[in-house]
Each structure stands twice: as structure tokens, then as C-alpha cells.
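User: I am new to reading structures and would like to know what the terms mean. Please show me the model, and I will ask as we go.

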Amino acid sequence: MTQSQIGLIGLGTMGAMLALNIAEKGFPIAVWNRTTSVTHQFKAEAGMLAPMITPCETLADLVAAIAKPRAIILMVPAGQAVDDQITALRPLLDKDDLIIDAGNALFHDTNRRSADAVNGPRFLGIGVSGGEEGARHGPAIMGGGARADWDRVAPILNAIAAKYKGQPCADFMGPAGAGHFVKAVHNGIEYADMQMIAEVYGVMRDGMGMAAVEIAATFHAWNKGPLQSYLIEISAEVAAATDTHSGTPMLDMILDRAGQKGTGRWTVIEAQHLAATIPAIEAAVMARNLSSRLEERLAGEAIFGAAPQALNGALSLAQLEQAMIAGKILCYAQGFALISAASKAFDWPMPLPEIARVWREGCIIRSSMLNDMATALTEDPARNLMFAPFFAGLLTTSHPALRQVVAAAALNGLPMPALASGLAWFDMMRTGRSTANMIQAQRDFFGAHGFERIDGLADKHGPWVGHGI
Ligand code: 6PG
């Protein structure tokens, strides 16, 4: 029997696709699934790749089938299942064997598992993006752990990753949970980008009365310009699809309650811990939460009536496209700023330009803008992306449209949480003299918290009546 170069546990959709991808790139792979019939069926259906696959009925068989030092990928649901699998594997493995968690783990869990692995077997946490198609033909891969462990499996991970002009979209992001942290931020950006697209879809559908085919054509056209991205591309496809049961547009038949597995929420919670400002991402998570409260929304509509919504020609499609361009830059800028804040706080030197490069292909947020973002972050990784000359230029030309779109939407009752909070962030980011002096005065008034004066004088309290002047 050929010794496998790597093992994989968990032949669900993502695990199965990843295993086929690995086999196709020429690496013999041993696989194990909790249900043995799934393992055998996987091999039986692998076609020409079957000779590269060793199906194993027990974990001991799996371990025996892999060349030493072993590397085993876990593709099991995030959380307890990962810990259970590590516990089951540990007694079977050698000190320098490597367990690789390729699921959507909470990065704090990856930190803990990395710390627990200090005496071996070793542990690597990798974020894998691109869904089923990506896993099969080339995902983006974000690794975290020890550099030496990454380097050991990098030839396999680089081979299976998506390629941007021949360059693998896989890289080492930093120690411990850095790979899963970057993946969480990826998902936060994914949430915001999806929400912004849903918001402009709402303007087209409800504000402009456009038919689904017209909306599809608009997204299709946008996908040829600066907005070129996977999410715009698939939005065109979903808007164009017809329901086979009713013959009406598929989108019209889908209940407006959005699901979520929690990665967007993790991103927002972490941003709060780090005092990083990611309002568009926060708004997107809020919108998903609110979408699931359908009964409450219906109760609200019964009391207040539905908002008018028709824009009566107040906006053009060109303005919408420009608003989307501004919104997209702002949500990516927020995501990168969060990674930058985490880099400092955790003392993880996460490589911002490389992150942009890894995201150029394979992942859900891949977009033509990411190449320019990689360039801007290479020029100055510490600078907020929105201040890089290229993006500052784009924002200068596009933010007036964002303003008009948000204003028209507000006047007509079209909810626009992500785009509106993106705009508020933009305006705050260019306000040299904000209104936080009022906050400081209030804090001093009720709690004698003190403030700094603009003239530098040492007096840190105001002349509030009864407050010790
Ligand atoms: C990816 C995606 C993926 C994500 C699911 C659903 O990068 O391939 O981000 O990892 O988990 O698409 O996520 P939600 O259920 O949270 O929407």
C-alpha cells in the first residue's frame, strides 16, 4: 500500500471536496469518517482519483496509513467536535505529528489548542474560504501556528490553493489563532459586502420597481467595472434565476430570514474588545439578526404601516454603483483596520499585504479591488486603507453618490444599515473637530472624570455649578 502523505478526517461536503483536491494535486491521502460507509462511498465515487485515496475504518488505520511525521487535516464542525477529535487522535500520534484544523474555528479555541499542543502532537489552525467549489478547485487558505509547521505542509496547501496569476492564495498569517482570526475578519467583510449588495438590491426592487431580470443585468454590468467580485457575480446569477416550481423569479420565493453560523458575530465581538471601529460589519450582523425576527417586523409594519419606498426617479443606477464602490472600500478598510489593531494587541505581526494577496482568488470576498489593496498595503501597511492615494481618490469621487443614495433611502424608508454606517464612519474619519468634547464635558459634569483642554492648560474640570469650582 502507498503511504499517504496526509490524512483527512471528516468527509462532509467541505472535507470530501478538499480531499479530492489534495488527491488531484498528486498527494496520496488517507481518509476517515465517523460513519464507515461514507468513507467507502467516498472512495467508490472518486473515479480516476480513487487510487490516490486510502479509506480507513479506524483512526488507528488512518494513523498507520500516513507517512511520518504525519499531518492530519480535521474538517469537522467547529467547537466540541474538534476537541473530541484531538482527544481521540492524541494517544495515536507522535510528538512531531501535526493536526491541522481547517474548519471555521473561533480563534480563541485555536489559541487554546495551540497552547495545549506545546508538547506535541503539533497543531495548526487554517482558515479555508471558498465554499464547496473553492475546496474542490482552489480555496484561499490562511494559516496560523508555528511557522515551521506551516512550512512543512505548505507544499500541499500551496498546491491545492486558488492561484492569482500563478501565485498561490495561501499564506502564513502568524502564531496560534492568527489564521482563524483572519478568516473571521474575512467573514465579517463577507457579511458587510453581502448586506450592502442586499441594500442596493432593495433600492432597485422597492425604490425603482425594477424586475429581477433588470436587477440581474445591472449586477452583471457592474461586474465588468470596479465592482468586479465574486459576490456581485453570484448576485447577478441569483437575480436571474427562475423558480422551477412557480415560474417566478427565485429571489421572490425565498423567505427573508438570513441564517448565520456565527463568524460575523465573533468578528464584531472581537472588534469591541479591541476598540476597533467596524460599523459596516456590525450593521451587517445586526441586519442578519433582525432579519430573523420576521414576526416582530410584521407587527411593526401593522402598527406603523410599510414605508413609502418608491423613489420616483430620485436615484440613478450610476449613483447606486458609485455608492456600492464607496461602501465596498469602506467595509474592507474596516476589516483591515481590525486586523491591524489585533496585530498590535496580540503582538502577532499579521502581514496585511499578504492577506490582501491571499484574498484575491478562491475566497468568497475575492474582488478585483483586492489587488489594488495589496499594493496600497505594501506601500504602507500601517496606514488606513481609505487614506491610500488610490482609494482616497476613489472615495473622493464616489462618496457624494453614497451620500445621495443613503439620503434618498432614508427619506423613502428603505433601510440601509451597512451603507449608512459606512458613510457615517467615512464622515467621522474626516472630521478633525468632532463632537466628543460634549461627551467629555458630560462625563466631567456627572463624574468629575476630567478632560484635556485644547489650549493645553492644566485645568481639567469645567465650571459646573456645585462641582467644586
Ligand atoms: C467561506 C465562507 C464560509 C461560511 C459560510 C456561511 O469563506 O467559504 O465564509 O466559511 O461559513 O459561507 O457562513 P454564515 O452561515 O455565517 O453565513
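User: Which helix gives the largest share of the shell around the ligand?

Analyst: Helix α8 (residues 178-207) does, with five residues. It is called a helix because DSSP assigns a run of H or I of at least four residues; strands are runs of E of at least two, and both are numbered from the N terminus. This is a predicted model, in which local features need pLDDT of at least 70, side-chain atom pairs count only at pLDDT 80 or more, and totals for chains, interfaces and linings use all residues. Residues are numbered from 1 along each chain as its sequence is written, and side-chain values use heavy atoms, with hydrogens and water left out.

User: What makes a residue part of that shell, and how many residues surround the ligand?

Analyst: A residue counts as near if one of its heavy atoms lies within 4 Å of the molecule. There are 14 around the ligand, and the closest include Ser129, Lys183 and Arg288. By type they are two nonpolar, eight polar and four charged. Ala, Val, Leu, Ile, Met, Phe, Trp, Tyr, Cys and Pro count as nonpolar, Asp, Glu, Lys and Arg as charged, and the others, Gly among them, as polar.

User: Why does the pair between Asn187 and the ligand count as a polar contact?

Analyst: A polar contact is a pair of N or O atoms within 3.5 Å. An N or O atom in the side chain of Asn187 is 3.0 Å from an oxygen atom of the ligand, so the pair qualifies. Backbone atoms of Gly130, at 2.9 Å, and Gly131, at 3.2 Å, also have a ligand oxygen within that limit. The ligand taken alone exposes 420 Å², and the protein buries 80% of that; such areas come from the Shrake-Rupley method with a 1.4 Å probe.

User: Which domains supply at least three residues each to the shell?

Analyst: Domain 1 (6-176) and domain 2 (184-429) do. The assignment also gives domain 3 (435-469); its bounds, like the others, come from an automatic or database domain assignment. The centres of domain 1 and domain 3, taken over C-alpha atoms, are 57 Å apart.

User: How do you know that β5 and β6 are paired?

Analyst: Two strands pair if DSSP finds at least two bridges between them. Strands β5 (residues 98-101) and β6 (residues 122-129) have four and run parallel, so they pair. Ile100, for one, has Leu124 of β6 as its bridge partner. Both strands belong to an open sheet of eight, ordered β3-β2-β1-β4-β5-β6-β7-β10, with mixed pairing. The edges are β3 (53-55) and β10 (170-174), each paired on one side only.

User: What is unusual about Pro121 and Lys165?

Analyst: Most residues other than glycine have a negative phi, and most peptide bonds are trans. Gly120 and Pro121 are joined by a cis peptide bond, with omega about -15°. Lys165 is not a glycine, yet its phi is positive, about 45°. Lys165 lies in the loop between β8 (163-164) and β9 (167-168).

Definitions and conventions
A polar contact is a pair of N or O atoms within 3.5 Å; within protein, one must be able to donate a hydrogen and the other to accept it, and residues adjacent in sequence count only if both atoms are side-chain atoms.
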